[in-house]
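Me: I am new to this structure. Please take one part of it and look at it closely, then show me what surrounds it.

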Amino acid sequence: MSNIDDQKIIEGIVAGDEAVFKAFYKKNRKYIRQYILKNSGNEDDVEDVFQDAVVFIYQKLKAGSLELRSPLSTYFYGVSKNIWRNRLRKNRKLVVTEEIPEDTAIVEASILEEIEDREREHVYRKHFVNLSDTCREVLQLLFLGKSMKEIAEITGYAEGYTRKKKFECKKHLIEMIEQDPIYQELKITSEKK
Amino acid sequence: MERTPEIFEKIEKYLTNQLSPEELALFENEMANDTVLQKEVATHKAIHGTLSDQETLEVKEKLIKVSEEVKKEESSFTRTLFSSPIRIAATIIVVLGVGTLLWNTIDTTDELRNLYAAHYVPFPAEDITRGEPNPALQSIMNNYNKGAYGKVVKALEKDTNLVGQKELGVYLGTSYLNTNQEQSAIAQFENILNTSKYYEASRWYLSLAYLKLKNTTKTTEILEEIIEYKGVYKDNAVRLLNALTE
């Protein structure tokens, strides 16, 4: 892929262009899929890793901290492989896996650290997007710092209902997060530090 | 600690600085004596921090949507394709009759390039500079680690003795690969003797160099040789070979 193509994709990712996401997904998912399925993963893992790798790149692009020394697809595969390898390593108690190929041990230390740092965020987002529309609407406003009164006004719900819904949704979200094996493993790792 | 609406409200007010000075002092005192509450506050804080970034959330949501759309398109394509005997027959004719034409028409260049990108990972920079007083070597390996492959090539081409003494051929070869000098990379990898500890690695990168040049015949030949060798690159070679023949 030429630099011009890469530049267009990068611009599309930063702009959140759905057509670019779709083209990127169609072109690159199969390679990630091949790698993950051959290394103890399943189709859901493929989707998670693909999304989290794109989000990782998006955040780096937004922060202006992405220095591409290779084509974007190469960088993307590198990030995806490292995300998956990191998860396999963390879940080794849960995943029965064959030995991971030697070459995947090769990682850029800085990228690996960033991937590790972002794991918790991926877990939060993963469970947030699985909430009901009502829960997402109420919690999104809460996270933006809106008061119960403001949320009630925006959503059109009664304030009492909004308050109740907010509690139930947030409690459910935290419980789902806490049950996530990746989160549990991250918690153990951070407590050991 | 049981999660209640009251505790949540208090934590949220604390995080958004909405507690009065008295309430704040009381809450901080409560936290100081309750590690479970401390952890709960930390959890809320982290969740609020991450999920208040709406733009990133939107990206995640769009990716989910895209994935669902593509899957739908793929399954409807499969259904359409195999929905009648005539279509099946037509498909067989297409596959058998013009398979070669299709292969040539589809942009195989992109496919091979993506295969290369999916299988290439940089050769690890071993700690060959440990206890090494040679600043030139240290600088080369620093550049290699930083991905400044152009500088590595320049330095190693200048100091060919160093390449021989320190067995840096594989580093020079992969640096050539990363600077689009595939023919030089091939020559470099071919130069590495089968007595070298880097021999197998050099064959693996040689296969990738040919893949980059779209010479699948040579790639396949070398991959088969690596599989036969039964070393650490065998699994990689099997995977790439399977991908090439899929």
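Reply: Start with Lys81(A). Its relative accessibility is 8%, under the 20% cut-off, so Lys81(A) counts as buried. The model is a predicted one. Lys81(A) sits in helix α4 of chain A, which covers residues 72–90. What does Lys81(A) touch, leaving aside its neighbours within four places in sequence? In its own chain the partner is Tyr35(A). From chain B come Ala118(B), His119(B), Tyr120(B) and Val121(B).

Those contacts lead to the interface. Here 54 residues of chain B are in contact with 54 residues of chain A. The area buried between the two chains is about 5500 Å². Carbon and sulfur atoms give 59% of that area. In chain B, the residues that lose the most area to chain A are Arg3(B), Lys60(B) and Leu63(B). Together they make up 12% of what that side buries.

Now the charged and polar links. Between chain B and chain A the count is 13 salt bridges. One salt bridge joins the side chains of Glu69(B) and Lys22(A), at 3.1 Å from N to O. Across the interface, 18 residue pairs are in polar contact, with both residues at pLDDT 80 or more.

Which elements of chain B give two or more residues to the side that touches chain A? They are α1 (5–15), α3 (35–51), α4 (54–81), α7 (108–119) and α15 (234–245). Helix α4(B) gives the most, with 17 residues. By class, this side of chain B has 20 nonpolar, 14 polar and 20 charged residues.

Note on methods: Residues numbered from 1 in each chain as written. Chains lettered and ligands numbered in written order. Predicted model: local features only at pLDDT ≥ 70, side-chain atom pairs only at ≥ 80, totals over all residues. Heavy atoms only, no water. Contact = heavy atoms within 4.5 Å. Buried area = accessible area lost by both parts, 1.4 Å probe. Salt bridge = Lys/Arg side-chain N within 4 Å of Asp/Glu carboxyl O. Polar contact = N/O pair within 3.5 Å; in protein donor to acceptor, adjacent residues only side chain to side chain. Helix = DSSP H or I, 4+ residues; strand = E, 2+ residues; numbered from the N terminus. Nonpolar A, V, L, I, M, F, W, Y, C, P; charged D, E, K, R; others polar. Buried < 20%, exposed > 50% of the residue type's maximum accessible area, 1.4 Å probe, protein only.
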